[in-house]
Amino acid sequence: MESLYYLTIARAHQLLKSRAISSVELTKAVLKRINQAEPKINSFITLTADLALKQAFRVDKKIKNNQPISKLAGIPVSIKDVFVTKNIKTTSGSKILSNYFPQYDATVMQRLLSSDAVILGKTNQDEFAYGFTTETSHFKTTCNPWDLSRTAGGSSGGSAASVAAGEAIYSLASEHYDSIRQPAAWTGVVGFKPTYGLVSRYGIIAMASSLECPGPVCRAVEDVAICLEYITGYDSHDANSLKKTVPKYSLDLIRPIKNLVFGLPKEYLSGGIESGVKKRVVEAIKVLEKLGAKIREIKLLPAEYSSAVYDILYAAEVASNLSRYDGIRYGYRVSKGKDLNEQYFLNREVFGPMIKYQILTDLRSLSGGEFDKIYHQSLKVRRLIKNDFESVFKKVDLIIGPMSPCVAFKKGFYKNGQYLSSPETDRLKPLVNMYSQPPTLVGLPGISLPCGFVNGLPVGLQIYGPLFSESKILQAAYAYEQATQCRKFKAKIK
Amino acid sequence: MKTNINLADIEHITQVYKLKINERQKQVVKTRLERLLSQVKVIKKLHKQTEKLEEITNICQLENVFRKDKVKASLKQTEVLSSTNKTKGGYIKTVKVLE
């Protein structure tokens, strides 16, 4: 019998419906796996085992009574700690929220709960989702299940590692630009970022609001499709939420990709990309060609444009979002200050160094009178990037490339409150920015899915497309996944 | 935006935000600011290419609409106060505001 903790959502649902397994059995198997793996992996900040078993029990009762159940019912999920969860500790990886028990649920959490999902707990992340190795978390560093001396990526490292290690069937994560998909690539699982506005942001602990986007981390493309059907949809609590009919993504997966045209930006496979990663991506492209897809070389705007826009918008949004942590209404409170002024100082001391740097950098830049002009000009450059993508998508259906120019980093890349800088990272950084910042800045959806290994470490293939091209992306990813064995390998945790 | 960054400026900002950092950390902030300024230069260089373009304030082109002014259920006072560790008579208690 297959290990229950490595089931996909689709398979688990089938087994639950046919009563071959119960949700309590499945949940216990995953909890047992968490007990075994967690000391080595550190995926979770908070575990909610009792709650999970109660929810599982409830679903089993429904099945027993022949009541209809959703495709997510009774299936254990981990939730990134960036989402507020009613009466469940929510920290966003920061000490400043280490005692925060929210009074309400994020919309996506609410949607999972009303689908009878089984909530395992809250996963580790970089502090306020700022970072890419999960090492800036106040609580712990998440290790990569494929090699414990390496990081699981970030900021959603805990979510990705929990899925890769069999500590959850799937996970709910979030990203500003690659925080769902880069950890998914580094841990050999599938990560999906939907079109901005398709999935509600209500209840995400805010960092850079115009970029934030929730999305799932799963073991298979089909699971992503299923998950999207439940978390997508209009929410009056999110001013940027879109009124769109949610397609049945999972029923529309099997489509021949014979006529699809993929664009491949020439720059994606040049410069500092690791040769092993490049090889895997080139092989993946050949697989798609064999399936009948066409590959066309394309040219996008220089990546430095988006990088500049990204940094400036981020600067404007982060400082204002993080100014709310005064320790008075909620969050960590230092009680020894002699007056309010001193209390503010003492309280903000508990921010991690990276967050302090970001806040001060942002504030200093905002304080100059000219920033307003620069901000507005950045929004025009954002338009330039949008127009560029629109003209590219007249020639191609989707764009393909690596998710990350390298495999998972060794742990210890974050030291003394800073990420290390070396000639190697200087070569990689422009590529990291180039792969994900331009599409994210204009809200495009995208996926990362496993496309092989380099020295035993997973490599991710990225496919992204125009706004609302979720179905097409999933069809292409599904066709690739079915044509290869890549997703079938599981990490041996040593 | 001023283009020259000095440590006194950064010290000033730490006072404004009420966030203390040490001398080494101030240097880090200075480097980061310099990098941000170089990004500003990139944006400025694109002035001609973008001057006729419309800004994007919302990626998905949503328009502002008013929702109905309906009273909905809200959190109870006890719930609102449940996240703070010091309360008195239904209020949040802080340390003294004036010196």
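**Exercise 1. The largest cavity**

How much space lies in the largest cavity? Work out what lines it, too.

*Solution.* Keep in mind that this is a predicted model.

- Step 1: start with the idea behind the search. Rolling a probe the size of a water molecule over the atoms shows where empty space is left.
- Step 2: run it over the whole structure, and 3 cavities of 30 Å³ or more turn up.
- Step 3: take the largest cavity, which holds about 80 Å³ of space.
- Step 4: look at its walls. There are 13 lining residues, and G188(A), V189(A), R487(A), F489(A) and K490(A) are the closest to the centre.
- Step 5: sort that lining by class, which gives 8 nonpolar, 2 polar and 3 charged residues.

**Exercise 2. The second largest cavity**

Find the residues that line the second largest cavity, then say which element supplies the largest share of them.

*Solution.*

- Step 1: the volume here comes to about 40 Å³.
- Step 2: list the lining. You should get L300(A), L301(A), P302(A), S306(A), I385(A), D388(A), F389(A) and P438(A).
- Step 3: map those residues onto the secondary structure. Helix α12 of chain A, residues 371-392, has the largest share, with 3 residues.
- Step 4: check the chemistry. The split is 6 nonpolar, 1 polar and 1 charged.

**Exercise 3. The largest pocket**

Which elements each supply at least two residues of the lining of the largest pocket? Describe the pocket as you go.

*Solution.*

- Step 1: get the volume, about 1400 Å³ for the largest pocket.
- Step 2: find the middle. Out of 47 lining residues, those closest to the centre are Y130(A), F132(A), Y177(A), K429(A) and R35(B).
- Step 3: go through the elements. From chain A, α6 (181-187), α9 (303-322), α11 (353-367), β13 (418-419) and α13 (423-441) each supply at least two residues, and so does α2 (23-45) of chain B.
- Step 4: pick out the main supplier. With 10 residues, α13(A) has the largest share of this lining.
- Step 5: tally the classes: 23 nonpolar, 16 polar and 8 charged.

**Exercise 4. The second largest pocket**

Give the volume of the second largest pocket and the make-up of its lining.

*Solution.*

- Step 1: the volume is about 700 Å³.
- Step 2: of its 28 lining residues, Y104(A), Y202(A), G203(A), I204(A) and R324(A) sit closest to the centre.
- Step 3: by class, count 16 nonpolar, 7 polar and 5 charged residues in the lining.

**Exercise 5. Where the chains meet**

How many salt bridges does the rule find across the interface of chain A and chain B? Put the answer in the context of the interface.

*Solution.*

- Step 1: count the contacts. On the chain A side 74 residues touch 56 residues of chain B.
- Step 2: get the area. About 6000 Å² is buried between the two chains, and carbon and sulfur atoms give 62% of it.
- Step 3: look for charged pairs. The rule finds 1 salt bridge across this interface. The partners are E370(A) and K44(B), whose closest N and O atoms are 3.2 Å apart, and the cut-off for such a pair is 4 Å.
- Step 4: widen the search to polar contacts, and 25 residue pairs come up, both residues at pLDDT 80 or more.
- Step 5: see who does the touching in chain A. The elements giving two or more residues are α9, α10 (340-348), α11, α12 and α13, and α12(A) gives the most, with 13 residues.
- Step 6: finish with the classes on that side of chain A: 33 nonpolar, 26 polar and 15 charged.

**Exercise 6. Backbone oddities**

Which residues does a cis peptide bond join, and which residue other than glycine has a positive phi near 50 degrees?

*Solution.*

- Step 1: scan omega. The bond between G154(A) and S155(A) is cis, with omega about 10 degrees.
- Step 2: place S155(A), which falls in the loop between β5 (147-151) and α5 (157-164) of chain A.
- Step 3: scan phi. F128(A) has a positive value, near 50 degrees.
- Step 4: place F128(A), found in the loop between β3 (118-123) and β4 (143-144) of chain A.

Methods. Residues numbered from 1 in each chain as written. Chains lettered and ligands numbered in written order. Predicted model: local features only at pLDDT ≥ 70, side-chain atom pairs only at ≥ 80, totals over all residues. Heavy atoms only, no water. 1 Å grid on protein atoms, 1.4 Å probe; cavity = no way out; pocket = protein on both sides within 12 Å on 5 of 7 lines; lining within 4 Å. Points joined across faces, edges and corners; volume = space filled by probe spheres on them. Nonpolar A, V, L, I, M, F, W, Y, C, P; charged D, E, K, R; others polar. Helix = DSSP H or I, 4+ residues; strand = E, 2+ residues; numbered from the N terminus. Contact = heavy atoms within 4.5 Å. Buried area = accessible area lost by both parts, 1.4 Å probe. Salt bridge = Lys/Arg side-chain N within 4 Å of Asp/Glu carboxyl O. Polar contact = N/O pair within 3.5 Å; in protein donor to acceptor, adjacent residues only side chain to side chain.
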